[in-house]
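Here's a quick walk through one protein model, written for someone who would rather be at the bench. Have the structure open while you read.

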Amino acid sequence: MDIATIAGIIAGSAFIIVGIYLGGDLGNFYDFPSIMITVGGTAAAMLIAYPISKIAQIRKILRRVFFTRNDNLQDVISKIIELANIARREGLLALEEAIYEINEPFLQKGILLIVDGTDPELVRNILETELSFIEERHQKGGEIFETAASLAPGFGMIGTLIGLINMLKSLDDPSSLGPGMSVALVTTFYGSIIANLFCIPVAKKLKYNSSREILTKEIMLEGILSIQAGENPRIIEEKLKAFLPPNERALHDELRSEGSELH
């Protein structure tokens, strides 16, 4: 479970609610017709923009936000080096037994391809094709929330215009102008909350998770091809470390040195 995402939503909601409470009455910010216009209008527009099958996937997409699995890159590199050592000592065919101990389907598929003696160029093409389709699926998932973020403020403005029109029709009663203006602005408030507290951050988190997953699989791809080429495990490790950001590279070296001392 991604604690940061849940904490962010809870904290953001709490700050807004407390801010409202300290400056006024929470009841002033509840208006059912405004909720219907903003939430209902955004949902209806999403149905126009995307097929039902895509909208039905929103729950699955959200699981990647709240229950994301960020692979530890140091563990991935260590696993590849372990496989490289087996291949160097016993040959590629010895990796067949190790395949069933691999939990990552992408890495498992790549190792299976090289054990079967698939041409290196074909291995690269197969895995790169899979990578590109994974990235495309992730982009489309984030696009749904980006669309919702762009629509919600617009429907908030539509609700505001409706409220202003209704208010202007009762100009003969000056006492109703203040409450009428307040209700008119609530829909804009709802639209901004939907966009800025939920949809935009979710789209950003999906993009981050996607880039992290693609990086992990690129490391696996390079490692698989290096094992197939029969490269020295030390050379493979240095090559894969180049994919890591500087802080994670330093952490990998530190963990590696600690492991060497233990042995």
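What follows goes from the main pocket to the salt bridges, then to some contacts between helices and a patch on the surface.

## Before you start

Keep in mind that this is a predicted model. If you want to find residues in your viewer, count from 1 along the chain as the sequence is written.

## The largest pocket

Let's begin with the empty space. Rolling a probe the size of a water molecule over the atoms shows where empty space is left. The largest pocket comes out at a volume of about 680 Å³. Its lining is made of 26 residues, and those nearest the centre are R64, I134, R137, H138 and E213.

Which helices supply at least two residues each to the lining of the largest pocket? They are α4 (58-66), α7 (105-115), α8 (120-168) and α9 (177-228). Helix α9 has the largest share, with 7 residues of the lining. As for chemistry, the lining splits into 12 charged, 8 polar and 6 nonpolar residues.

## Salt bridges between helices

Side chains of opposite charge can pair when their charged atoms come close. A search of the whole structure turns up 10 salt bridges. One of them joins K109 and E130, with 2.8 Å from N to O. Since K109 belongs to helix α7 and E130 to helix α8, the pair ties together parts that are 21 residues apart in sequence. Are these two side chains buried or exposed? K109 is partly exposed, at 36% relative accessible area, and E130 is also in the partly exposed class, at 24%.

A second bridge spans more of the sequence: K207 pairs with E146, and the closest N and O atoms are 3.8 Å apart. Here K207 sits in helix α9 and E146 in helix α8, so the pair ties together parts that are 61 residues apart in sequence. E146 has a relative accessible area of 40%, which means partly exposed.

## A small network on α9

Now back to E213, one of the residues nearest the centre of the largest pocket. The side chain of E213 meets that of K217 in a salt bridge, at 3.2 Å from N to O. Both residues are in helix α9, 4 residues apart, so about one helical turn separates them.

K217 counts as buried, because its relative accessibility is 6% and the cut-off for buried is under 20%. E213, at 26%, counts as partly exposed. The pair doesn't stand alone either: E104, E213 and K217 are linked in a network of salt bridges.

## Far in sequence, and how far in space?

Some pairs of residues are worth checking with the distance tool. Q108, in helix α7, is 112 residues from M220 in sequence, yet their C-alpha atoms are 9.8 Å apart. Q108 is partly exposed, with a relative accessible area of 27%. E146, in helix α8, has a partner of this kind too: K204 is 58 residues away in sequence and 8.9 Å away in space, C-alpha to C-alpha.

What about T187, buried or exposed? T187 is found in helix α9, and at 1% relative accessibility it counts as buried. The C-alpha atoms of T187 and G163 are separated by 8.9 Å, with their positions 24 residues apart along the chain.

For contrast, try L127 in helix α8. L127 is buried, at 0% relative accessibility. The C-alpha atoms of L127 and A43 are 37 Å apart, and the two residues are 84 apart along the chain.

## A nonpolar patch outside

Finally, have a look at the surface. Which residues form a nonpolar patch there? They are I17, V18, Y21, L22 and L26, and together they have about 530 Å² of accessible area. I17 is part of helix α1 (residues 3-23). With a relative accessible area of 45%, I17 counts as partly exposed, because exposed needs over 50% and buried means under 20%.

Note on methods
This is a predicted model: local features need pLDDT of at least 70, side-chain atom pairs count only at pLDDT 80 or more; totals for chains, interfaces and linings use all residues. Side-chain values use heavy atoms; hydrogens and water are left out. On a 1 Å grid over the protein atoms alone, a cavity is a set of points where a 1.4 Å probe fits but cannot get out, and a pocket is an open set with protein on both sides within 12 Å along at least five of seven lines; lining residues have an atom within 4 Å of a point. Grid points are joined across faces, edges and corners, and a volume is the space filled by probe spheres set on the points. Ala, Val, Leu, Ile, Met, Phe, Trp, Tyr, Cys and Pro count as nonpolar, Asp, Glu, Lys and Arg as charged, and the others, Gly among them, as polar. Patches are made of residues with over 30% relative accessible area and no salt bridge: like charges are joined within 9 Å, nonpolar side chains (Val, Leu, Ile, Met, Phe, Trp, Tyr) within 5 Å. Accessible areas come from the Shrake-Rupley method with a 1.4 Å probe; for residues, only the protein chains shown count as cover. A salt bridge is a side-chain nitrogen of Lys or Arg within 4 Å of a carboxyl oxygen of Asp or Glu. Buried means under 20% relative accessible area, exposed over 50%, partly exposed in between (1.4 Å probe, protein chains only).
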